[in-house]
Amino acid sequence: MNVTITPSHVAGAARAPPSKSYTHRAILAAGYADEAIVRDALWSADTQATARTVELFGGDVDRHDDGTLEIDGFDGRPDVPADVIDCANSGTTMRLVTAAAALADGTSVLTGDESLRSRPQGPLLEALADLGVEADSTRGNGQAPLVVTGPLAGGEVSIPGDVSSQYITALLMAGAVTDEGIELDLETDLKSAPYVDITLEVLADFGVEAHKTETGFAVDGGQSYAPTGGEYAVPGDFSSISYPLAAGAIAAAEGETVRIEGAQPSAQGDSAIVEIVERMGADVDWNQDAGTIDVSRAPLSGIEVDVEDTPDLLPTIATLGAVADGDTHITNAEHVRYKETDRVSAMAEELGKMGVETTEKQDSLMIHGGASELEGATVSGRDDHRIIMALSLAGLVADGETTIEGADHVDVSFPGFFELLEELGVSLERRA
Ligand SMILES: O=C(O)C1=C[C@@H](OP(=O)(O)O)[C@@H](O)[C@H](O)C1
Ligand SMILES: C=C(OP(=O)(O)O)C(=O)O
């Protein structure tokens, strides 16, 4: 599907979808449990890949009409899957499930779409191999398809922290049900660190203890997953909130606000988007008790933003920077190149088609904003949900129509994204 956006003003209220990161963890944690109810779960292409895997491991995921998931777990002992595990486009699924598969007493095969089969899995495979598991990339290049033969008993292992924090999440979640537990030593500084905080929080909510150490993280073995009261509720997603928030900051109608609901504080590093938009000059009011954020349009200025902790915000910040006056310097961004696409290049090249000048370095992106009006253009969504959503925002304030090719991939994290834009007053057209 291609989507053509006509420049539009926005106003009104929008509800954030539930957090993708919390939902993945909650579904898998419920899988590790005997049984659990997960309320307010995100039901997107990526989280469904995790749910399918829990079923391949011998669990059952039953979705009710109100979005509640009733999950029968595999109780810490995954079956050897009866089929290949297809993680589709989801990096989180592949990393978290690779470590879970290592617990099975037999062989699991994991694959995904072309994008996922090009993303780095090597450090996780090496860590599992160091822990005594056979863990291979079929092509020997550290990428999926992966073949994993357990069982994993646990132990002490070192791993880099600058490729993906998901390796750490994966090993902590699986480590809790091993015999020996897992002690992880970080070989480098940890990027995307708040995502491990989310993991520690979800583990605690499922009665599992894991903690930071002087050199990394550790989890004792022999633990059982069980959420307090049998239930777990997923909070709103701040990466997703970044899009309506940015839409309000650049395109709210004169004298109007955009209100975002479902924005209760949580461990998500991406809640930094509130402070970033504010720092650029927008008028933002976050009522943390009510979980609402009100934003209205104001002239924006370029700023420096370090995305070490918040890689998923880069596309949104790049679009904000394109609209802002002056330079926006996005630093510490090398790990943003390992996502569904290389998002540093993707945003530089696609915004370039809209007349925006950028300077790209290996670990940073400078957006030279505000020099002239953004030009409507035909741009590629790169089959990457965040690139599609960020370019849609640029289309709101461009001169003329902007067509985003391959826009269906928003289903990965934000089904209903275009419907939400329409509710806020955006005029857009979908073409098959
Ligand atoms: O654990 C998670 O839920 C995620 C961790 C981050 O990835 P990296 O740790 O690979 O940077 C983030 O980009 C991704 O969207 C979700
Ligand atoms: C990188 C992302 O997710 P994943 O790593 O799960 O594919 C994302 O949602 O931006």
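**Close-up views of a predicted two-domain model**

**View 1. The shell around ligand 2.** Ligand 2 is surrounded by K20, D46, S90, G91, T92, D312, K339, E340, R386 and S413. The model shown here and in the other views is predicted. By class, the shell around ligand 2 holds 6 charged residues, 4 polar ones and no nonpolar ones. Residues of this shell come from both domain 1 (2-17 + 236-431) and domain 2 (20-233), so ligand 2 lies between the two domains.

**View 2. The shell around ligand 1.** The residues around ligand 1 are S21, T92, S164, S165, Q166, T169, K191, S192, Y195, P311, D312 and H335. T92 and D312 are thus listed for ligand 1 and also for ligand 2. Of the residues around ligand 1, 8 are polar, 2 are nonpolar and 2 are charged. Ligand 1 also lies between the domains, because domain 1 and domain 2 both contribute to its shell.

**View 3. The contact between the domains.** The protein is divided into domain 1, made of residues 2-17 and 236-431, and domain 2, residues 20-233. Their C-alpha centres are 30 Å apart. Domain 1 puts 17 residues into the contact, and domain 2 puts in 19 residues. On the side of domain 1 that touches domain 2, the residues divide into 6 nonpolar, 5 polar and 6 charged.

**View 4. The largest nonpolar core.** This core has 75 residues, and those that touch the most other members are A247, I250, V277, L314, A318, L320 and A394. Helix α7 (residues 238-251) gives the most to the core, with 9 residues. A second, separate core has 71 residues, including A29, I71, Y167 and Y232. In soluble globular proteins, nonpolar side chains tend to be buried together.

**View 5. Helix α9 and the surroundings of A394.** In helix α9 (residues 314-323), 10 of 10 residues are buried. These are L314, P315, T316, I317, A318, T319, L320, G321, A322 and V323. L314, A318 and L320 are also among the residues that touch the most other members of the largest core. A394, listed with them, is in contact with T319, A322, L351, M354, L374 and T402, leaving aside neighbours within four places in sequence. Of these partners, T319 and A322 are buried residues of α9.

**View 6. Strand β5 and its partners.** Strand β5 (residues 69-72) has L69 and I71 on its covered face, while E70 and D72 are on the uncovered one. I71 is also a member of the second core. Strand β3 (residues 35-39) runs antiparallel to β5 and is joined to it by 4 bridges; E35 has D72 as its bridge partner in β5. Strand β4 (residues 60-63) pairs with β5 in the antiparallel sense, also over 4 bridges, and D62 stands opposite E70. The hairpin of β4 and β5 has 5 residues between the strands, and G67 in this hairpin takes a positive phi near 95°.

**View 7. Two cis peptide bonds that lead into proline.** The bond from A144 to P145 is cis, with omega near 5°. P145 lies in the loop between β8 (134-137) and β9 (146-149). G150 and P151 are likewise joined by a cis peptide bond, with omega about 10°. P151 is placed in the loop between β9 and β10 (155-159).

**View 8. Two residues with positive phi that are not glycine.** A88 has a positive phi of about 55° and is found in the loop between β6 (85-86) and α3 (91-101). A88 has 18 other C-beta atoms within 10 Å, so this residue counts as partly exposed. D383 also has a positive phi of about 55°; this residue is found in the loop between β22 (378-380) and α11 (385-396). D383 is partly exposed because 19 other C-beta atoms lie within 10 Å, and a buried residue would need 20 or more.

**View 9. T213 in a loop of domain 2.** T213 is found in the loop between β12 (210-212) and β13 (216-219). T213 is exposed, because 11 other C-beta atoms lie within 10 Å, and the limit for an exposed residue is 12 or fewer. The C-alpha atoms of T213 and D86 are separated by 34 Å, and the two residues are 127 residues apart along the chain.

How values were computed:
Residues are numbered from 1 along each chain as its sequence is written. Chains are lettered from A and ligands numbered from 1 in the order in which they are written. This is a predicted model: local features need pLDDT of at least 70, side-chain atom pairs count only at pLDDT 80 or more; totals for chains, interfaces and linings use all residues. A residue is near a molecule or strand if its C-beta atom, placed from the backbone, lies within 6 Å of it. Ala, Val, Leu, Ile, Met, Phe, Trp, Tyr, Cys and Pro count as nonpolar, Asp, Glu, Lys and Arg as charged, and the others, Gly among them, as polar. Domain bounds come from an automatic or database domain assignment. A nonpolar core is a set of buried Ala, Val, Leu, Ile, Met, Phe, Trp, Tyr and Cys residues joined through C-beta atoms within 7 Å. Helices (H or I, at least four residues) and strands (E, at least two) are DSSP runs, numbered from the N terminus. Two residues are in contact if their C-beta atoms, placed from the backbone, lie within 7 Å. Two strands pair if DSSP finds at least two bridges between them.
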